[in-house]
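This report describes one protein model, beginning with a single residue and ending with the chain as a whole.

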Amino acid sequence: TLDALLRRGETVKMINRSGSAPVPKEVEIIGGDAADPRFTIDVARGAQVVYQTLNPPYSRWVEEFPVLQAAVLAAAQTHGARLVSMENVYMYGRPAGRPLTETRDYAAHTTKGKLRAQMATELLAAHQAGNVAVAIGRASDYFGPRGGAQSNLGDRLFPAALAGKTATVLGDPDQPHTYTYIPDIGEALAVLGEHPDALGQVWHLPNDPDTRTTRQLCELAFQQAGASPARVRQVPPLLLRLAALTNRTVRELLEMQYQFDEPFIVDSTKIANALGAHATPVEQALADTLASYHAKPVQAPHRIPVPRPSRD
């Protein structure tokens, strides 16, 4: 999102906990606690758009996420700024054989999905009440440069492809599964921050309309790395359940594995047709991601590969 805004010539202020980040020198970075509305109101002074891309520790969503959103909402409302909130698609629940669209009912059966539904409902209610102008962007599991260990198509795939070793993934690799490219997420959120028709609505961020399986995407990455045939291994479900006995993050992850049990297709036709935001072709997205690993190699992890799912 920062990259997309800088391309537009916008003045950007970044807020995080540490107050530091590898960004251009003209970007002001402020460290603090976004759960404190006094802090968020102060740092948002003068902002035209506030982008909420927060993500607390996966095992503490219920305790921390509503408080974080409330503080960001207070900041945008106080200063009359547009609020663009990034979300995932947990609130819909199981696909049940149908692509996920923005008109889908909230039918979450998981704790985190129900929380996501509650938070989205609160944001849209604030917009409808006239308290703040809101636009919501939702991404599926993400991949791309800087995706790292938290991406299912990240540190477990690209270093392995470059080295001709075995890539490890979560879930059934032979189910069609939508992955959203990180630069497309950033560009589309910037569009939601500026487009007059974006407000008061939910938008699925751009996805390639030709949904592949996880294995097919891995095979493309191996092919581009010159390491065909691809070697792909699924983390055994039993191993995840055993790890969950002692690891709370893994325990929280288990309830979301339904996303890989059947075709998981997130439709983004709406944003393409209405706002002109399109996905990067998947071949190009994988090539650019692979190039980023060439430039900055990452040693593949040796322990059970359990990324935090894409979300916000």
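## Residue D141

D141 belongs to strand β6, which covers residues 141–143. The model is a predicted one. With a relative accessible area of 9%, D141 is buried, because the value falls under the 20% cut-off for burial. The side chain of D141 has a polar contact with the side chain of H177, at 2.7 Å.

## Residue G137

Strand β5 runs over residues 134–138 and contains G137. The relative accessibility of G137 is 0%, so this residue also counts as buried.

Leaving aside residues up to four places away in sequence, G137 touches S85, M86 and E87, together with L189, L192, W203 and L205. H79 is 58 residues from G137 along the chain, and the C-alpha atoms of G137 and H79 are separated by 21 Å.

## Residue E26

E26 sits in a loop, with β1 (13–16) on one side and β2 (28–31) on the other. The relative accessible area of E26 is 55%, and E26 is therefore exposed, since the cut-off for exposure is over 50%.

T11 and E26 are 15 residues apart in sequence. In space, their C-alpha atoms are 8.3 Å apart.

## Overall fold and dimensions

The protein contains 11 helices and 10 strands. Its radius of gyration is 19 Å, and the globule rule gives 20 Å for 312 residues; the two values are close, so the protein is as compact as a globular protein of that length. The C-alpha trace spans about 55 × 40 × 40 Å along the principal axes.

Contacts between residues at least 6 apart in sequence can be divided by separation: 76% of them join residues at least 24 apart. The contacts of G137 with S85, M86, E87, L189, L192, W203 and L205 were listed above.

## Burial, surface and charge

Of the 312 residues in the protein, 48% are buried. D141 is one of the buried residues, at 9% relative accessible area, and G137 is another, at 0%. The exposed area of the protein is about 14,200 Å², and 51% of this area is supplied by carbon and sulfur atoms.

Positive side chains number 31 and negative side chains 32. The centres of these two sets are 6 Å apart.

Key:
Residues numbered from 1 in each chain as written. Predicted model: local features only at pLDDT ≥ 70, side-chain atom pairs only at ≥ 80, totals over all residues. Heavy atoms only, no water. Helix = DSSP H or I, 4+ residues; strand = E, 2+ residues; numbered from the N terminus. Rg over C-alpha atoms; globule rule 2.2 N^0.38 Å. Buried < 20%, exposed > 50% of the residue type's maximum accessible area, 1.4 Å probe, protein only. Contact = heavy atoms within 4.5 Å. Areas by Shrake-Rupley, 256 points an atom, 1.4 Å probe, with all protein chains shown as cover. Lys, Arg positive; Asp, Glu negative; His and termini not counted. Charge placed at Lys NZ, Arg CZ, Asp CG, Glu CD. Polar contact = N/O pair within 3.5 Å; in protein donor to acceptor, adjacent residues only side chain to side chain.
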